Each structure stands twice: as structure tokens, then as C-alpha cells.
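Hi,

Here is the structure I promised to pass on. Have a look at it first, and then read my notes below.

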Amino acid sequence: MDSTGTVPYKSIAYAAKQKGKKVGIITSVSIDHATRASFYAHQADRDMYYEIGKEIVTSNFDFFGGSNFLKPETTFDHKKAPSLFPILEKAGYKVLKGKDAYAQLPNKSDKIILMNSDGGPIDALKYAIDQKPSDLKLADITSAAITSLHQDNTNGFFLMIEGGKIDWACHANDAATTIQEVLDFNTSAQLAYDFYKKFPNETLIVVTADHETGGLGVGNGSSSLKTKFLSHQKISHAELSNAIGNLRKNNPNATWDDLKNLIAAQTGLFSKITIHETDRSALEAAYQKSFVDHQNETAKSLYASDDKIAALSISILNRMGSISWASNNHSAAYAPVYAIGVGSEQFNQKMDNTDIPKKIATAAKLSLD
Ligand SMILES: [Zn+2]
């Protein structure tokens, strides 16, 4: 939509569909979240999750993937509405929960919605740093999407793949989790690149971001990088918050040493990394306030309400590793654009983000009008 929320625009995905190409829209967060919604929906507000999800039917796109739907039964004005799932099934979509459900699907070229199994997280796939082998990963969805869009199709396809939680980890100023999310996204980029190597004269891959988040800087006064410190972090800010919250809940008499041991095991602080006295006393003061006085327990960022002690521990670890953060929100920093394949020479310059779909349209001979 335009900035007034009244004039719909035609996205590159619709331009591809109009030309007879198959279209896939996949992400590591929910299927109805803002970035992928802009490819298939036309609603005035990003929070109109039910209305956005329902537009899958009118898009008639071929493959959707992500964690789940945020509001499958509730409209923007908080009214109970018919569940999206039977509506999507009636429109011909196979709603598949988990990677086994996809593996068992006889006809991979069906119209597909691939999401987490029941009981899995709704709002997003787990952070890569927290994933277990059985969890649905962005690479699983990417591999399935490429297979399904390519099979029995001679007209080509457009696929948008979003690593949506790089942004979330940056909102929380959590460098180790951010790095793992970028590596996880890179696994999907590799799958796309493998496809390109098979069809180099018919494929264009563009990798970019809609913005930077957090004002992430490498170096923070010292020029000695200690990014290896970050590798001691075993779980995300979200899971560290859960672990600290569980300790507080399950063990009302938890001591400072109990908490210190938990932080040491999950971040390397106190055990593998010697921390400054000021940081130690700040953490102990936070323990006193949170565990003893039961005040000041959470630190809120855009997508998470973190335990203050978890946020403080990660902030100390990031500083020790020579990482600096300028904010908890989106920044105006330039975003890189990488491209390979047919028409990639159009991307070797500074450009406005709105030029990107125009250049893709030129390369794929699509019309955005
Ligand atoms: Zn964001």
C-alpha cells in the first residue's frame, strides 16, 4: 500500500504470477508478518494479521512457509472469525505441519502452506542457536519450496526467502544469536546458489535487507577484537530469559551463586571470561533487585520482553567481545545488496530500495504496471 494506506501497489510477486510463474513466500517468522505480507497482501496496517492471512486465497500463490499464523481466528477489530485453515484448504492449499508432513506429501507440486507442527512456537521458528535437530528450520522450508516450485513447471518461479529473526536478535542487541541467524540464513542462500549452479542462464539471486537493526558495530574503543568470546554463548537472549525466569520461579531461595552458575554455563561469563568488578557488581545488584526484592525483572525490546539479568549478561558479553550497539531499533545504515546470475550487473551500484523490484522485473521481463 502507499503511505496513506489507501492505494494498493502491485508487488514483484504478483508481476511474476501474472506472467505464469509460480510464486513462493517463505520466512523464519509467521506467515502473516509484515515483510512477506508486503509481497502478497494489501492491507492498511501490518497488524491486520487475519486479513493479511486471508489474502493468501486471492493471491493464489503456490507456496507459503513459516512458523504459523498469528491471528487465524480473530479480525483486526478483535471479532471472532471463521478459522483461516479450512478457508485455505477449501482454496486448494495443503496445510502441512512439520517437515515430515511435507516429506509424506505424494504430489510436491500441490499448493502448499508449510508450518510448525502443533505445539511448536507460533510467532516464529526457534532461533538457530536454540534449535534441536527435530525443529523445523528455514533451510527445510527453503529446500521444500525450491522442490515444489520447480517440479512439473517449465515457466519458472519467483521465491522470496526471509531470515526474519536476524532483525529480532538485533532488536535485543544479542550478537551471538544474530551471528547464528545470519549463518542460518546463509544455509538457505546456499540452497538457492546450488539451484543457480544447475540453471545459471535462467536464474537471478538477489540477497539484501530492508534495513539494518541495532546500529551494530564491530569494535568499541579497543581495536582488539574478541569475537571468540561470543562463541561461549549457548542460547539466545530469549532462552536465557526463560532459564533465569524458571530459576526465580522454581527456586524462591536461589542464591547469587546459583544465578552466577547459570550465567556462566550459558554465556561463559565468570567461567571462560573474566569480567570486570563493575560488571560483576552490576549483575549482583540486578540479582538482589530481581530475585530478592522482586522488582525490575524484565527489559522490553520490540519482539521480546527479556529478563533484565539476561539482557545485562548479554550486553556485558557483547562489550567484552568488542561489539557495540547504537540502538534497539532500525537504523539508517546502508544495507548491502548481493546478486548473481541473469541481470545481476544491474545491482553493482548504490540504489534506492524501491529500485530492487524494478531491476528484478527488468531481468525477468515482468511488468510492474
Ligand atoms: Zn525490526
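Let's start with helix 11 and helix 12, which are roughly antiparallel to each other, because the angle between them is about 170° and anything over 145 degrees counts that way. Their axes lie 10 Å apart. On the helix 11 side the contact is made by D279, A282, L283, A286, Y287, S290 and F291. Helix 12 brings I309, L312, S313, I316 and R319 to that contact. Before you go further, please keep in mind that this is a predicted model.

Just past helix 12 there is a residue to check. S322 sits in the loop between helix 12 (308-320) and strand 11 (323-324). Its phi is positive, about 75°, although S322 is not a glycine. Most residues other than glycine have a negative phi. Is S322 buried or exposed? S322 counts as buried, because its relative accessibility is 2%.

Now to the metal. The zinc ion is coordinated by D167, through two OD entries, and by the NE2 atoms of H171 and H330, at 2.0 to 2.3 Å. Along the chain, these donors follow the spacing D-x3-H-x158-H. H171 belongs to helix 7 (residues 165-171) and H330 to strand 12 (residues 330-331), so this pair ties together parts that are 159 residues apart in sequence.

What is the geometry of the site of the zinc ion? The site is irregular, with angles of 58 to 152° among the 4 donor atoms. To count as tetrahedral, four donors would need all angles between 85 and 135 degrees.

The two histidines also differ in how much of their surface can be reached. H171 has 0% relative accessibility, so it counts as buried, whereas H330 is partly exposed at 37%.

While you are at the zinc site, look at N328 too. N328 lies in the loop between strand 11 and strand 12. Leaving aside residues up to four places away in sequence, N328 touches H171 and N173, and H171 is one of the residues that coordinate the zinc ion. With 44% relative accessibility, N328 counts as partly exposed. As for distance, N328 and L96 are 35 Å apart in space, C-alpha to C-alpha, and 232 residues apart in sequence.

On the other side of strand 12, Y334 is in the loop between strand 12 and strand 13 (338-341). Y334 counts as exposed, because its relative accessibility is 66%. Y334 and A124 are 210 residues apart in sequence, and their C-alpha atoms are 26 Å apart.

Next, two helices whose lengths I checked. Helix 6 (residues 138-150) has 13 residues, so at 1.5 Å a residue it should span 18 Å, and its end C-alpha atoms are indeed 18 Å apart. Helix 8 (residues 175-198) has 24 residues, so 34 Å is expected, and the 35 Å between its end C-alpha atoms agrees.

Both helices have a good number of residues to click on. In helix 6, L138, A139, I141, T142, A144, A145, I146, S148 and L149 are buried. What covers these residues? The cover includes strand 1 (22-27), strand 2 (63-65), helix 5 (99-104), strand 4 (111-115), strand 5 (157-162) and helix 8. Helix 8 has its own buried residues, among them A175, A176, T177, F185, F195 and Y196. Just after helix 6, D152 takes a positive phi of about 50°.

Finally, a pair that links two far-off stretches of the sequence. A16 is in helix 1 (residues 12-18), and K365 is in the segment after helix 13 (355-364). A16 and K365 are 349 residues apart in sequence, but 9.1 Å apart in space, C-alpha to C-alpha. A16 counts as buried, because its relative accessibility is 1%, whereas K365 counts as exposed at 63%. Not counting residues up to four places away in sequence, A16 touches K21, V23, F158 and L366. K365 also has a positive phi, about 55°, although K365 is not a glycine.

That's what I have for now. Shout if anything is unclear.

Cheers

Key. Residues are numbered from 1 along each chain as its sequence is written. This is a predicted model: local features need pLDDT of at least 70, side-chain atom pairs count only at pLDDT 80 or more; totals for chains, interfaces and linings use all residues. Side-chain values use heavy atoms; hydrogens and water are left out. Donors are N, O and S atoms within 2.8 Å of the metal (3.2 Å for Na, K and Ca); water is not among the atoms, so sites may look incomplete. Four donors count as tetrahedral if all angles lie between 85 and 135 degrees; four count as square planar and six as octahedral if opposite donors are over 155 degrees apart and all others between 65 and 115; anything else is irregular. Helices (H or I, at least four residues) and strands (E, at least two) are DSSP runs, numbered from the N terminus. Buried means under 20% relative accessible area, exposed over 50%, partly exposed in between (1.4 Å probe, protein chains only). The expected span of a helix is 1.5 Å times one less than its number of residues. Axes are lines fitted to C-alpha atoms, for helices over the stretch in contact, and angles run from 0 to 180 degrees between N-to-C directions. Angles under 35 degrees count as roughly parallel, over 145 as roughly antiparallel, 65 to 115 as roughly perpendicular and the rest as oblique. Contact means heavy atoms within 4.5 Å.
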